[in-house]
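Hello,

Here is the structure I promised to pass on to you. Please have a look at it first, and then read my notes below.

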Amino acid sequence: MQQENFKVKEVGKGKIPRWQQYAELTVGKTDLLSLLKYEIIIFFLIDIPGALGLYLRSKLYPLILGEVGSNVIFGRGVSFRHPHKIKIGKNVIIDDNCVLDGKGTSNSGIVIGDGAYIGRNTIIYCKNGDINIQPRVNIGANCQIYSKREVEIGEGTMIAAYNCILSGGRYDYRSEIPLADQSSYSNGPTTIGKGCWLGLKAVVMDGISIGDRTVIGAGAVVTKTLPAAVVATGVPAQVKSQICL
């Protein structure tokens, strides 16, 4: 956080050209060629409707992304930040108005596995952390996944709409200093196992591990590690029953 604030101040003093500031925040590279390629592709393709838009985005978005498999569908209005740090497997669907942000100075970024589905208006963003979405994960609409360290979502997991999954966002709060001037941190990776099911509007907090095949009830707030194959509900989430396998 302190390093980011320093860069903004330097730009404000005129030490860094405005276009380079924009390139650094958006593209993650400060050379003019990378910026122009990003701007041209996004400008002309981001909002083209219908089959033509789907076709053109599938062919040209791989030119700015780190890696893209075959048969990937990009909806309208999808935004990318630091796109060279975004890797997408084959047969992935990214619905309208999603944000994929791999931003960071030392991270690897975002990996989305084969057959995954990212619902419309979902925001997946890094703040120098990594996000690994394994194959066949289904993420509903209007979700947020944030990583200051590491988020991993296991294969075949289903995440309903309006979920929030965090790695980071903790503060050693000091009332004498404005919160905007304090640095956040993460206690550790946030891990969701294989074959899990997270209900509507669930929240998974920083540093939590959820075991394979566990079900999280709608509106639950997961504040501690949960074992495999259980049903957990409530605020904070508590184990209510074991799943018979």
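**Strand partners and a surface patch**

Let me start with one pair of residues: I145 has I165 as its bridge partner in β15. Please keep in mind as you read that this is a predicted model.

That pair belongs to a longer contact, since β12 and strand β15 (residues 164-167) are joined by four bridges and run parallel. On the other pairing of β12 (residues 144-147), four bridges link it to strand β9 (residues 123-126), again in parallel. There, I145 is the residue that I124 stands opposite. You can therefore step from I124 to I145 and on to I165, while keeping in mind that strands of a sheet pair through backbone hydrogen bonds, either parallel or antiparallel.

Next, have a look at the open sheet of seven strands. Its order is β1-β4-β7-β10-β13-β16-β19, and the pairing is parallel. Which strands stand at the edges? They are β1 (67-68) and β19 (209-210); each has a single partner strand, so one side of each is left without a neighbour in the sheet. For β1, the partner to look at is strand β4 (residues 86-88): two bridges join them, and they run parallel. Within this pairing, V68 has I88 of β4 as its bridge partner.

There is also an open sheet of nine strands, and here the pairing is mixed. The order reads β2-β5-β8-β11-β14-β17-β20-β22-β23. At its edges you will find β2 (73-74) and β23 (238-242), and because each has a single partner strand, one side of each is left without a neighbour in the sheet. Further inside the order, strand β8 (residues 117-118) and strand β11 (residues 138-139) run parallel and are joined by two bridges. One residue to click on is Y117, whose bridge partner in β11 is N138.

Finally, turn to the surface. W19, L32, L36, I40, F43 and F44 make a nonpolar patch of about 670 Å². Which helix gives the largest share of this patch? Helix α3 (residues 32-45) does, with five residues. F44 has its place in that helix. Is F44 buried or exposed? Its relative accessible area is 55%, and exposed means over 50%, so F44 counts as exposed.

I hope this helps you find your way around.

Best wishes

How values were computed:
Residues are numbered from 1 along each chain as its sequence is written. This is a predicted model: local features need pLDDT of at least 70, side-chain atom pairs count only at pLDDT 80 or more; totals for chains, interfaces and linings use all residues. Side-chain values use heavy atoms; hydrogens and water are left out. Two strands pair if DSSP finds at least two bridges between them. Patches are made of residues with over 30% relative accessible area and no salt bridge: like charges are joined within 9 Å, nonpolar side chains (Val, Leu, Ile, Met, Phe, Trp, Tyr) within 5 Å. Accessible areas come from the Shrake-Rupley method with a 1.4 Å probe; for residues, only the protein chains shown count as cover. A salt bridge is a side-chain nitrogen of Lys or Arg within 4 Å of a carboxyl oxygen of Asp or Glu. Buried means under 20% relative accessible area, exposed over 50%, partly exposed in between (1.4 Å probe, protein chains only).
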